[in-house]
Amino acid sequence: MDENVHFLHTSKLVNALVKACKPHTLQLYPNERHGIRSHEASEHYRVLVLNFLKQNL
């Protein structure tokens, strides 16, 4: 649904990361546009970011 980032671009990026054997994580919010607007998706995103920082800092 994001009018600024088409899924084809995301797919190409993921394919390049896989080809280069680079670790990556992809989180999709299919009902959101370029910015996260719903409360549930925002809360989920915040939890993911905090968990990432705890594990990697």
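**Exercise 1.** Is Thr25 buried or exposed?

*Solution.* The model is predicted. Step one is to place the residue: Thr25 sits in the loop that joins α1 (7–19) to α2 (39–56). Step two is to read its relative accessible area, which is 79%. Step three is to apply the cut-off: a residue counts as exposed over 50%. Thr25 is therefore exposed, since its relative accessible area is 79%.

**Exercise 2.** Classify Ser42 in the same manner, then list its contacts beyond the nearby sequence.

*Solution.* Ser42 belongs to helix α2. Its relative accessible area is 17%. The label buried applies under 20%, so Ser42 is buried, at 17%. For the contacts, set aside the neighbours within four places in sequence; Ser42 then touches Ile36 and Arg37.

**Exercise 3.** State how far the C-alpha atom of Thr25 lies from that of Arg46.

*Solution.* Along the chain, Thr25 and Arg46 are 21 residues apart. In space, their C-alpha atoms are separated by 15 Å.

**Exercise 4.** Check the span of helix α1 against the expected value.

*Solution.* First count the residues: α1 has 13. The expected span is 1.5 Å times one less than the number of residues, which gives 18 Å for α1. From first C-alpha to last, α1 reaches 18 Å, close to that expectation. After the helix comes Cys21, with a positive phi near 60 degrees.

**Exercise 5.** Describe the two largest pockets by volume and lining.

*Solution.* Begin with the largest pocket, which holds about 450 Å³ of space. Its lining consists of 15 residues, and those nearest the centre are Asp2, Val5, Thr10, Leu28 and Tyr29. Sorted by class, this lining has eight nonpolar, four polar and three charged residues.

Next take the second largest pocket, with a volume of about 290 Å³. Thr25, the residue of the first exercise, is part of its lining, as are Leu26, Gln27, Tyr29, Tyr45, Leu48, Val49, Phe52 and Asn56. Here the classes are six nonpolar, three polar and no charged. Tyr29 appears in both descriptions: it lines the second largest pocket and is among the residues nearest the centre of the largest one.

**Exercise 6.** Compare the whole chain with a compact globule.

*Solution.* The chain contains two helices and zero strands. For 57 residues, a compact globule would have a radius of gyration near 10 Å, whereas this chain has 13 Å. The C-alpha trace spans about 35 × 35 × 10 Å along its principal axes. Finally, buried residues make up 11% of the 57, and Ser42 is one of the buried residues.

Methods
Residues are numbered from 1 along each chain as its sequence is written. This is a predicted model: local features need pLDDT of at least 70, side-chain atom pairs count only at pLDDT 80 or more; totals for chains, interfaces and linings use all residues. Side-chain values use heavy atoms; hydrogens and water are left out. Helices (H or I, at least four residues) and strands (E, at least two) are DSSP runs, numbered from the N terminus. Buried means under 20% relative accessible area, exposed over 50%, partly exposed in between (1.4 Å probe, protein chains only). Contact means heavy atoms within 4.5 Å. On a 1 Å grid over the protein atoms alone, a cavity is a set of points where a 1.4 Å probe fits but cannot get out, and a pocket is an open set with protein on both sides within 12 Å along at least five of seven lines; lining residues have an atom within 4 Å of a point. Grid points are joined across faces, edges and corners, and a volume is the space filled by probe spheres set on the points. Ala, Val, Leu, Ile, Met, Phe, Trp, Tyr, Cys and Pro count as nonpolar, Asp, Glu, Lys and Arg as charged, and the others, Gly among them, as polar. The radius of gyration is taken over C-alpha atoms; the globule rule is 2.2 Å times the number of residues to the power 0.38.
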